[in-house]
Amino acid sequence: MSLSLTLPSPAKLNLFLHIVGRRDDGYHELQTVFQFLDYGDDITFTLTGEQTDIRLAQPVPGVPDDDNLIIRAARALAAHSRRPLPGVVIDIEKRLPMGGGLGGGSSNAATTLLGLNHLWQLGLSLDQLAEIGLGLGADVPVFVRGHAAFGEGVGERLTPVDPPEDWFLVLKPACNINTGKIFSEEGLTRDTPKIKIAPAFEGDASRYRNDCEDVVRKLYPEVHQSLEWLSQFGPARLTGTGACIFGRFPTESAARIIWESKPSGITGFVAKGVNISPLHKKLTELK
Ligand SMILES: C[C@](O)(CO)[C@H](O)COP(=O)(O)OP(=O)(O)OC[C@H]1O[C@@H](n2ccc(N)nc2=O)[C@H](O)[C@@H]1O
Ligand SMILES: Nc1ncnc2c1ncn2[C@@H]1O[C@H](COP(=O)(O)OP(=O)(O)OP(=O)(O)O)[C@@H](O)[C@H]1O
């Protein structure tokens with residue numbers, strides 16, 4: 001077995017996001033479809049001689065190591081296994097914007113859980129890893145399970161779905177949005193009627209929407225302007241609580257033509273929507 005392993009940590013999109021209620025603990029009940037993108041961070045795990053010494057090769061700017069979801073995931077897994085384990089140095093190549101609604105931190109946690117389960121040869125099931133992941137964040141379980149899904153509850157009740165694997169243009173308006181702030185806004189829609197069954201196909205833009213969008217447009221003019229610009233070319237939507245927005249295109253070249261004409265000052269990327277996570281594809285190849 002190799003002592004070093006590099007694994008993808010992909011982005012997710014919320015193809016739609018409905019807020020259907022609020023739990024007693026204040027958390028919002030959602031209905032959403034998660035699809036992965038073939039674009040994200042890369043994480044390299046290198047085993048060291050020292051016993052259960054878990055550290056980052058370099059910090060993620062703005063995130064103290066003890067708060068980093070990579071470190072928290074590795075420690076949670078080590079605590080669960082309750083035995084001495086080889087130390088590990090973890091190096092991340094960050095491409096996903098933070099606080100963008102692309103689930104970067106949650107994806108990093110899931111890649112760490114699956115990567116170290118493999119390298120440490122713990123043999124935990126996806127169910128066990130998803131449960132550990134849920135303790136780290138509501139978006140972690142879908143990244144652990146690795147299949148596009150209709151998510152309910154706070155996103156932990158997952159039903160696999162297969163939306164079309166189209167191309168997306170993802171734009172990051174020049175602002176950062178705090179998820180907690182959006183969920184605490186008074187004007188947020190919280191009573192969208194529940195969909196009874198997992199949508200077989202998310203193609204009808206008028207039936208499904210992102211309930212955070214109106215509030216985010218009002219608070220962040222940059223997001224409003226980007227949505228107005230992108231919606232000239234077809235339906236444009238917010239992912240998660242933003243700030244990233246996306247448009248869907250049938251081909252890569254169609255998405256790239258629009259990307260070339262984007263207004264200055266906006267960053268972003270073109271990526272393919274995929275129903276099997278690139279993380280799981282890579283792990284299957286290793287077996
Ligand atoms: C919006 C989504 O990205 C959709 O996929 C996720 O539900 C966000 O999940 P997450 O990143 O794990 O969210 P956190 O960063 O833990 O949430 C920050 C804060 O947002 C609020 N929050 C979050 C998720 C949720 N379903 N209801 C909430 O009310 C809570 O006050 C929480 O303390
Ligand atoms: N490894 C990590 N990568 C990115 N952010 C991290 C990481 N560990 C902890 N964080 C913290 O998590 C916060 C949210 O980051 P993340 O990239 O997951 O946001 P997001 O894309 O909006 O996610 P979501 O869609 O789940 O709301 C960051 O602002 C940062 O403080």
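# Exercises on a predicted two-ligand model

The shell around ligand 2 divides into 6 nonpolar, 12 polar and 2 charged residues. The structure is a predicted model, and the exercises below work outward from its ligand sites.

## Exercise 1: the shell of ligand 2

Task: state which residues come nearest to ligand 2 and which helices contribute to its shell.

Solution.
- Step 1. The shell holds 20 residues, of which L69, G104, G105, N108 and G240 come nearest to the ligand.
- Step 2. Helices α1 (69–81) and α2 (104–119) each supply at least two residues of the shell around ligand 2.
- Step 3. The largest share of this shell belongs to α2, with 4 residues.

## Exercise 2: the shell of ligand 1

Task: describe the surroundings of ligand 1 by closest residues, by contributing elements and by residue class.

Solution.
- Step 1. Ligand 1 is surrounded by 18 residues, and the closest are H28, G137, G180, F183 and G240.
- Step 2. At least two shell residues come from each of β1 (4–22), β2 and α5 (179–183).
- Step 3. By class, the shell around ligand 1 contains 6 nonpolar, 11 polar and 1 charged residues.
- Step 4. G240 is listed among the closest residues to ligand 1, and G240 is also among the nearest to ligand 2.

## Exercise 3: the overall fold

Task: give the secondary structure content of the protein and judge its compactness from the radius of gyration.

Solution.
- Step 1. The protein has 9 helices and 10 strands.
- Step 2. Its radius of gyration is 19 Å, close to the 19 Å from the globule rule for 287 residues, so the protein is as compact as a globular protein of that length.
- Step 3. Along the principal axes, the C-alpha atoms fill a box of roughly 55 × 45 × 35 Å.
- Step 4. Of the 287 residues, 43% are buried.
- Step 5. Taking contacts between residues at least 6 apart in sequence, 73% join residues at least 24 apart.

## Exercise 4: the nonpolar core

Task: find which members of the largest nonpolar core touch the most other members, then list the contacts of F168.

Solution.
- Step 1. The core has 71 residues; A74, L113, F168 and I245 touch the most other members.
- Step 2. Strand β2 (residues 28–51) provides the largest share of this core, 7 residues.
- Step 3. Apart from neighbours within four places in sequence, F168 is in contact with L13, L37, F246, G247, R248, A255, A271 and G273.

## Exercise 5: two hairpins

Task: for the hairpins β1–β2 and β5–β6, give the sense of pairing, a bridge partner and the glycine with positive phi.

Solution.
- Step 1. β1 and β2 are antiparallel, paired over 16 bridges.
- Step 2. T6 has T44 in β2 as its bridge partner.
- Step 3. There are 5 residues between the strands of this β1 and β2 hairpin, where G26 takes a positive phi near 95°.
- Step 4. Strand β5 (residues 149–153) and strand β6 (residues 157–160) also pair in the antiparallel sense, over 4 bridges.
- Step 5. The bridge partner of F150 in β6 is T159.
- Step 6. The hairpin of β5 and β6 has 3 residues between its strands, and G155 in the turn has a positive phi of about 115°.

## Exercise 6: backbone geometry in loops

Task: locate the cis peptide bond at A243, and place R82 and Q121, residues other than glycine with positive phi.

Solution.
- Step 1. G242 and A243 are joined by a cis peptide bond, with omega about 10°.
- Step 2. A243 lies in the loop between β8 (236–238) and β9 (245–249).
- Step 3. R82, with phi near 50°, sits in the loop between α1 and β4 (86–93).
- Step 4. Q121, with phi near 55°, sits in the loop between α2 and α3 (126–134).
- Step 5. R82 is exposed because 7 other C-beta atoms lie within 10 Å, and the limit for exposed is 12 or fewer.
- Step 6. Q121 is exposed because 10 other C-beta atoms lie within 10 Å.

## Exercise 7: D66

Task: place D66 and decide whether D66 is buried or exposed.

Solution.
- Step 1. D66 is in the loop between β3 (54–56) and α1.
- Step 2. D66 has 8 C-beta neighbours inside 10 Å and therefore counts as exposed.
- Step 3. From D66 to G87 the separation is 21 residues in sequence and 16 Å in space, C-alpha to C-alpha.

Key. Residues are numbered from 1 along each chain as its sequence is written. Chains are lettered from A and ligands numbered from 1 in the order in which they are written. This is a predicted model: local features need pLDDT of at least 70, side-chain atom pairs count only at pLDDT 80 or more; totals for chains, interfaces and linings use all residues. The radius of gyration is taken over C-alpha atoms; the globule rule is 2.2 Å times the number of residues to the power 0.38. A residue is buried if 20 or more other C-beta atoms lie within 10 Å of its own, exposed if 12 or fewer, and partly exposed in between; C-beta atoms are placed from the backbone. Two residues are in contact if their C-beta atoms, placed from the backbone, lie within 7 Å. A residue is near a molecule or strand if its C-beta atom, placed from the backbone, lies within 6 Å of it. Ala, Val, Leu, Ile, Met, Phe, Trp, Tyr, Cys and Pro count as nonpolar, Asp, Glu, Lys and Arg as charged, and the others, Gly among them, as polar. A nonpolar core is a set of buried Ala, Val, Leu, Ile, Met, Phe, Trp, Tyr and Cys residues joined through C-beta atoms within 7 Å. Two strands pair if DSSP finds at least two bridges between them.
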